[in-house]
Each structure stands twice: as C-alpha cells, then as structure tokens.
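Please walk through this model with the sequence and the coordinates side by side. The text moves from the chain as a whole to its main pocket and then to single residues.

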Amino acid sequence: MGLSVTISAADARDAEHILKLQYLCYQSEAELYGDWSIEPLTQSLDALRAELEEGHGLVARLGDEVVASVRARVDEDGTVRIAKLIVHPRMRRHGLGGRLLDAIERHFATGAATTTATEGGAAPEPAPPVKRFQLFTGHRSEVNLRLYRSKGYAQVATRELGPRLTLVTLEKAA
C-alpha cells in the first residue's frame, strides 16, 4: 500500500471519529440506492458506542486520522457478524478494506473474543466457538460484493427491504 497505516482496536475515544467517517462513507451507498435514511446515516453516537461495547471494533489510522473501520460481534450460535466495513473515499483501492476484514476475522478466529456481554451488568459469559463469519451488503454494491467474494465469502441469502434495496448476506466457515 505504501502508506504507514496502522490497524488497532477501536475504543470509546474513537466513536465520534468513526461516526463521522461512517457518515462520509455511506453517502455513496445512499446515492446508489436513492435512500438517505439508511441506518449508517441515521445511527446515533450512543448506538455506535453500544456496538463497540457489545462487540469488537477496529480502526485504521494514517497518523492520527481514522481512515477506516470495521465492527463485529459473535452470536450465541458462533456466527461472527461483521458490519460497517468503511474506508475513507481517498483511501479506497489500496487494499485497506481487505486488511481490515482479515484483521477482524483473525481477532475472532484466534479466540481473542473470549467473553460475551450479558444484560444487567452480570459477569461476562464465555464466547461460543466461532463457526462462521457473516456480513451483508446491498445488491448493487459491486465493489463490496467483489471484495467479499475474493475473501472466500459466498452468498447464502437475500432479503428485499424495499423497491430499491435488496440485502445480500454472505458467509464463510471460520
């Protein structure tokens, strides 16, 4: 890639930067589908912070700037649900999305996610063994689909959300 981009765990201090980047990155998706009400554009800072607390997030930094991010959590059935893989528009086409995807998979595959949060502040429970990785994207998001397929993901389902958007779910074994 030629740039000194570092990938590390996201924390609460990164939440505002991630939200701003998410808003910027999903503009093209909203335009592609003609829908400016998509969840990544309407998500609150508190909701993003909750996602980080409930799962695991990564950020890629160029110096001090957050230029990419991804979040994931493991379900009780061992499915790692990967969400909101975003890369700053000026940083796209350099392999950064693939690096982040590899890193989040590695985090969960190596057992780094050893506990899952419980309701009411109870002690965390052991995380189930990871069986598969799953993510989704819109049916017109060809760049995303190409990346995910190149990383071994296969389509397992589609769900029509409206006349303009069908979600494509892809997964691969852990």
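Of the 174 residues in the protein chain of this predicted model, 42% count as buried. The accessible surface of the chain comes to about 9,500 Å², and carbon and sulfur atoms hold 51% of that area. The secondary structure consists of six helices and nine strands. Among contacts in the chain with a separation of 6 or more, 60% join residues that are 24 or more positions apart.

The next topic is empty space. Rolling a probe the size of a water molecule over the atoms shows where such space is left. The largest pocket found here has a volume of about 1,500 Å³. Its lining is made up of 50 residues, and those nearest the centre of the pocket are Tyr26, Leu85, Thr137, Asn144 and Tyr148. By class, the lining divides into 23 nonpolar, 13 polar and 14 charged residues. Which element gives the largest share of this lining? That element is strand S4, which spans residues 79-87 and supplies seven residues.

Strand S4 is worth following residue by residue. Ile86 is found in this strand. With a relative accessible area of 2%, Ile86 falls under the 20% limit and therefore counts as buried. Apart from residues up to four places away in sequence, Ile86 touches Ile18, Leu21, Gln22, Cys25, Tyr26, Val67, Ala68, Ser69 and Leu100. One of these partners, Tyr26, is 60 residues from Ile86 along the chain, while the two C-alpha atoms are separated by 8.1 Å. Tyr26 is also among the residues nearest the centre of the largest pocket.

Lys84 is another residue of strand S4. Is Lys84 buried or exposed? Its relative accessible area is 12%, so Lys84 is classed as buried. The backbone of Lys84 has a phi near 55°, a positive value in a residue other than glycine. Most residues other than glycine have a negative phi.

Arg93 also has a positive phi, in this case near 70°, and it too is a residue other than glycine. Arg93 lies in the loop between S4 and H5. Its relative accessible area of 74% is over the 50% limit, so Arg93 is exposed.

Arg92 is placed in the loop between S4 and helix H5, the latter covering 96-109. At 33% relative accessible area, Arg92 lies between the limits of 20% and 50% and is therefore partly exposed. Leaving aside neighbours within four places in sequence, Arg92 is in contact with Cys25, Ser28 and Val87. What does the side chain of Arg92 reach at 3.0 Å? The atom in question is the backbone oxygen of Val87. Cys25 is on the contact list of Arg92 and on that of Ile86 as well. Val67, a contact of Ile86, is 25 residues from Arg92 in sequence, with a C-alpha to C-alpha distance of 9.7 Å.

Gln134 takes the account to strand S7, which runs over residues 132-138. Gln134 is buried, because its relative accessible area is 16% and the limit for that class is 20%. The side chain of Gln134 makes a polar contact of 2.7 Å with the side chain of Glu171. Glu171 also appears among the residues that Gln134 touches, residues up to four places away in sequence not being counted. The others on that list are Thr79, Val80, Arg81, Ile82, Tyr153, Thr169 and Leu170.

The last residue is Glu160, which is found in strand S8 (residues 154-160). Its relative accessible area is 62%, so Glu160 is exposed. Beyond its neighbours within four places in sequence, Glu160 is in contact with Leu165 and Thr166. Glu160 and His139 are 21 residues apart along the chain, and their C-alpha atoms are separated by 9.5 Å.

Conventions: Residues numbered from 1 in each chain as written. Predicted model: local features only at pLDDT ≥ 70, side-chain atom pairs only at ≥ 80, totals over all residues. Heavy atoms only, no water. Helix = DSSP H or I, 4+ residues; strand = E, 2+ residues; numbered from the N terminus. Buried < 20%, exposed > 50% of the residue type's maximum accessible area, 1.4 Å probe, protein only. Polar contact = N/O pair within 3.5 Å; in protein donor to acceptor, adjacent residues only side chain to side chain. Contact = heavy atoms within 4.5 Å. Areas by Shrake-Rupley, 256 points an atom, 1.4 Å probe, with all protein chains shown as cover. 1 Å grid on protein atoms, 1.4 Å probe; cavity = no way out; pocket = protein on both sides within 12 Å on 5 of 7 lines; lining within 4 Å. Points joined across faces, edges and corners; volume = space filled by probe spheres on them. Nonpolar A, V, L, I, M, F, W, Y, C, P; charged D, E, K, R; others polar.
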